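Dear colleague,

I am handing over the structure below for your attention. A summary of what was found in it follows directly after.

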Amino acid sequence: MAAAQGESGTSADRLAWLVDGDDAVLVGLEVRRLVKSLAGDDPGLSVEDFWGDEVDLDAVAGACLTPPFLSAQRIVILRDAGRFGTEALAPLLAFLEDPLPTTALIVAAGGGKLAPKLVAAVKRVGHIVSTGPGRDTKGWFEGRLRQAPLGFEPATRSALEPPLG
């Protein structure tokens, strides 16, 4: 269960999301959840996903500035954003100064510490989604169990808790 800073969800007034966390699996799951909530089960041509060693941030910003094709909204995902410094992020920061209302930008943590200017820019037009348990490990764990497609007996829940700390 992701805890959002500010309001949660994917309301129309949100133009950007920063998915933060130390666990790449949890970050990836939250990105997938956001994409599904924005684009539905068949995102088709509406999603552009940037990842890997050769990401061109000018291309990411260009995708953000391109109107959607055959859909109401374009979804642009930048993964492992922590590997980029503020200077390299300049094209994306410029987009976030005046984002298109038809673009939803999802920035996924990973690759290092996120640039503070990127965090501030996303927070200004969207919100931060934290994927880890934070200090409330028990509450986080119980929330994940509630979202699971299986039901768990109280004894099973208790047996699973101790390894988490």
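**Strands β3, β4 and β5**

Strand β3 (residues 47-50) and β4 run parallel and are joined by 4 bridges. Within that pairing, E48 has V76 of β4 as its bridge partner. Please note that the model is a predicted one.

Strand β4 itself covers residues 74-78, and 5 of its 5 residues are buried, so the strand is largely enclosed by the rest of the structure. The cover extends to both faces of β4: R74, V76 and L78 are buried on one side, and I75 and I77 are buried on the other.

β4 is also joined to β5, by 5 bridges, and these two strands run parallel. Here I75 has A104 in β5 as its bridge partner.

Strand β5 (residues 103-108) is mostly covered, with 6 of its 6 residues buried. On one side of β5 the buried residues are T103, L105 and V107, and on the other they are A104, I106 and A108. A further partner of β5 is strand β2 (residues 16-20), which pairs with β5 in the parallel sense over 4 bridges. In this pairing, the bridge partner of A16 is L105 in β5.

**The chain as a whole**

The strands above belong to a chain with 6 helices and 6 strands. Read from the N terminus on, the elements follow the order β-β-α-β-α-β-α-β-α-β-α-α. The chain has 165 residues, of which buried residues make up 35%. Of the contacts between residues at least 6 apart in sequence, 78% join residues at least 24 apart.

**Helix packing**

Two packed helices are described by the angle between their axes and the distance between the axes. Two such pairs, both involving α3, are reported here.

Helix α2 (residues 57-65) packs with α3 at an angle of about 20°, and their axes are 7 Å apart. An angle under 35 degrees counts as roughly parallel, and α2 is therefore roughly parallel to α3. The crossing in which α2 passes α3 is left-handed. From α2, the residues in contact are L57, D58, V60, A61, C64 and L65, and they meet P91, L92 and F95 in α3. By class, this contact of α2 with α3 comprises 8 nonpolar, no polar and 1 charged residues.

Helix α3 (residues 90-97) packs in turn with helix α4 (residues 116-125), at an angle of about 20° and with the axes 9 Å apart. By that angle, α3 is roughly parallel to α4. α3 passes α4 in a left-handed crossing. The contact brings L92, L93, L96 and E97 of α3 to K117, L118, A121, V122, R124 and V125 of α4. Its residues by class are 7 nonpolar, no polar and 3 charged. L92 of α3 appears in the contact with α2 and in the contact with α4.

**A buried loop residue**

Finally, I would draw your attention to T131, which is placed in the loop between β6 (127-130) and α5 (137-147). Is T131 buried or exposed? T131 has a relative accessible area of 5%, and it is therefore buried. Leaving aside residues up to four places away in sequence, T131 touches V19, D20, G21, L26, V27, E30 and W140. Among these, V19 and D20 fall within strand β2 (residues 16-20), and W140 falls within α5 (137-147).

With kind regards

Key:
Residues numbered from 1 in each chain as written. Predicted model: local features only at pLDDT ≥ 70, side-chain atom pairs only at ≥ 80, totals over all residues. Heavy atoms only, no water. Axes fitted to C-alpha atoms, helices over the stretch in contact; angles between N-to-C directions. Parallel < 35°, antiparallel > 145°, perpendicular 65-115°, else oblique. Left-handed = near helix turned anticlockwise from the far one by under 90°. Contact = heavy atoms within 4.5 Å. Nonpolar A, V, L, I, M, F, W, Y, C, P; charged D, E, K, R; others polar. Buried < 20%, exposed > 50% of the residue type's maximum accessible area, 1.4 Å probe, protein only. Pairing = 2+ DSSP bridges.
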